[in-house]
Amino acid sequence: MFGHANVDVILNVSEGPEMEKSVSVRHVTRGLGGTAANISRYMALLGMDVVLYSHVGRDFPEEYLREMEGCGVDMRGVVKHDDVDTSVCWIVNVNGSGQMGLMYQGPWSRALPLPSTESVDALHLTTGPPGWYGAIARGFEGRLALDPGRELRYLYTSCLLYTSP
């Protein structure tokens, strides 16, 4: 499983914010997030073998790493970067009528080394840089899934998608 393991900050508001205006936040929740982290946890809880490949920053909470390990996620592919803050997604829920996300990419905003996929028979690529994923997918002969979530709308604007047999 490739993609984000990040901090989610969920803000519940009664009305959507407009530019140059402030709104009151009714409730704040902070927790483990990221598409790859979430899918990995539930796959492991269902008894599947899953290795998480992700990049986190210096301030990624240790309890989140322990939580994923406790669910059975193999964390050998998680790289901690000591020179950048971890990825954060601020999710604004507007009174049950809609949602908006603001994403700080943290270590994902830089060039990342390519991991080895030699011992892997299936890849699930979630949120993350399309160019990096393209380089990982090229030549990969196993099963491949791409699930970029909402990043499809702003990171995947002009790229070709690779499909495997």
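In the predicted model examined here, valine 88 faces tyrosine 104, a residue of strand 6, as its opposite number. This pair belongs to an antiparallel arrangement in which strand 5, covering residues 88–94, runs alongside strand 6, covering residues 98–104, with seven bridges between them. The two strands form a hairpin with three residues between them, and within this hairpin asparagine 95 adopts a positive phi near 40 degrees.

The hairpin region also contributes to the surface of the model. A nonpolar patch is formed there by Trp90, Met100, Leu102 and Tyr104, whose accessible area together amounts to about 360 Å². Strand 6 supplies the largest share of this patch, namely three residues. One of the patch members, methionine 100, is located in strand 6 and is partly exposed, its relative accessible area being 36%. In general terms, the side chains of a regular strand alternate between the two faces of the sheet.

Strand 5 has a further partner in strand 1, with which it pairs in the parallel sense over seven bridges. Within this pairing, asparagine 12 has asparagine 93 of strand 5 as its bridge partner. Strand 1 is also paired with strand 2, in this case in the antiparallel sense and over eight bridges, and leucine 11 has valine 28 of strand 2 as its bridge partner. Of the eight residues of strand 1, six are buried, and the strand is therefore largely enclosed by the rest of the structure.

The loop between strand 1 (6–13) and strand 2 (25–33) contains glutamate 20. Although glutamate 20 is not a glycine, its phi is positive, at about 65 degrees. Glutamate 20 is classed as exposed because its relative accessible area is 80%, a value above the 50% that marks the limit for exposed residues. The adjoining residue in the numbering, lysine 21, is likewise exposed, with a relative accessible area of 55%, and lysine 21 forms a salt bridge with glutamate 18 in which the closest N and O atoms are 3.9 Å apart.

The structure holds seven salt bridges, and the pair just described is one of them. Side chains of opposite charge can pair when their charged atoms come close. Another salt bridge joins arginine 41 to glutamate 67, with the closest N and O atoms 2.7 Å apart. This pair links distant parts of the chain, since arginine 41 lies in helix 1 (residues 35–45) and glutamate 67 lies in helix 2, with 26 residues separating them in sequence. The two partners fall into separate classes of accessibility: arginine 41 is buried, with a relative accessible area of 10%, whereas glutamate 67 counts as partly exposed at 34% relative accessibility. A third example is provided by arginine 76 and aspartate 74, whose closest N and O atoms are 3.1 Å apart in a salt bridge. Here arginine 76 is exposed, with a relative accessible area of 63%, while aspartate 74 is partly exposed, with a relative accessible area of 28%.

Aspartate 59 is situated in the loop between strand 3 (51–57) and helix 2 (62–71). At 39% relative accessibility, aspartate 59 counts as partly exposed. When residues up to four places away in sequence are not counted, aspartate 59 touches Asp85 and Thr86. By contrast, a distance of 34 Å, C-alpha to C-alpha, lies between aspartate 59 and glycine 142, two residues that are 83 residues apart in sequence.

With regard to the cysteines, the structure holds zero disulfides. Cysteine 71 is classed as buried because its relative accessible area is 18%, which is under the 20% that sets the limit for buried residues. Cysteine 89 is also buried, with a relative accessible area of 14%.

Methods
Residues are numbered from 1 along each chain as its sequence is written. This is a predicted model: local features need pLDDT of at least 70, side-chain atom pairs count only at pLDDT 80 or more; totals for chains, interfaces and linings use all residues. Side-chain values use heavy atoms; hydrogens and water are left out. Two strands pair if DSSP finds at least two bridges between them. Helices (H or I, at least four residues) and strands (E, at least two) are DSSP runs, numbered from the N terminus. Patches are made of residues with over 30% relative accessible area and no salt bridge: like charges are joined within 9 Å, nonpolar side chains (Val, Leu, Ile, Met, Phe, Trp, Tyr) within 5 Å. Accessible areas come from the Shrake-Rupley method with a 1.4 Å probe; for residues, only the protein chains shown count as cover. A salt bridge is a side-chain nitrogen of Lys or Arg within 4 Å of a carboxyl oxygen of Asp or Glu. Buried means under 20% relative accessible area, exposed over 50%, partly exposed in between (1.4 Å probe, protein chains only). A disulfide is a pair of cysteine sulfur atoms within 2.5 Å. Contact means heavy atoms within 4.5 Å.
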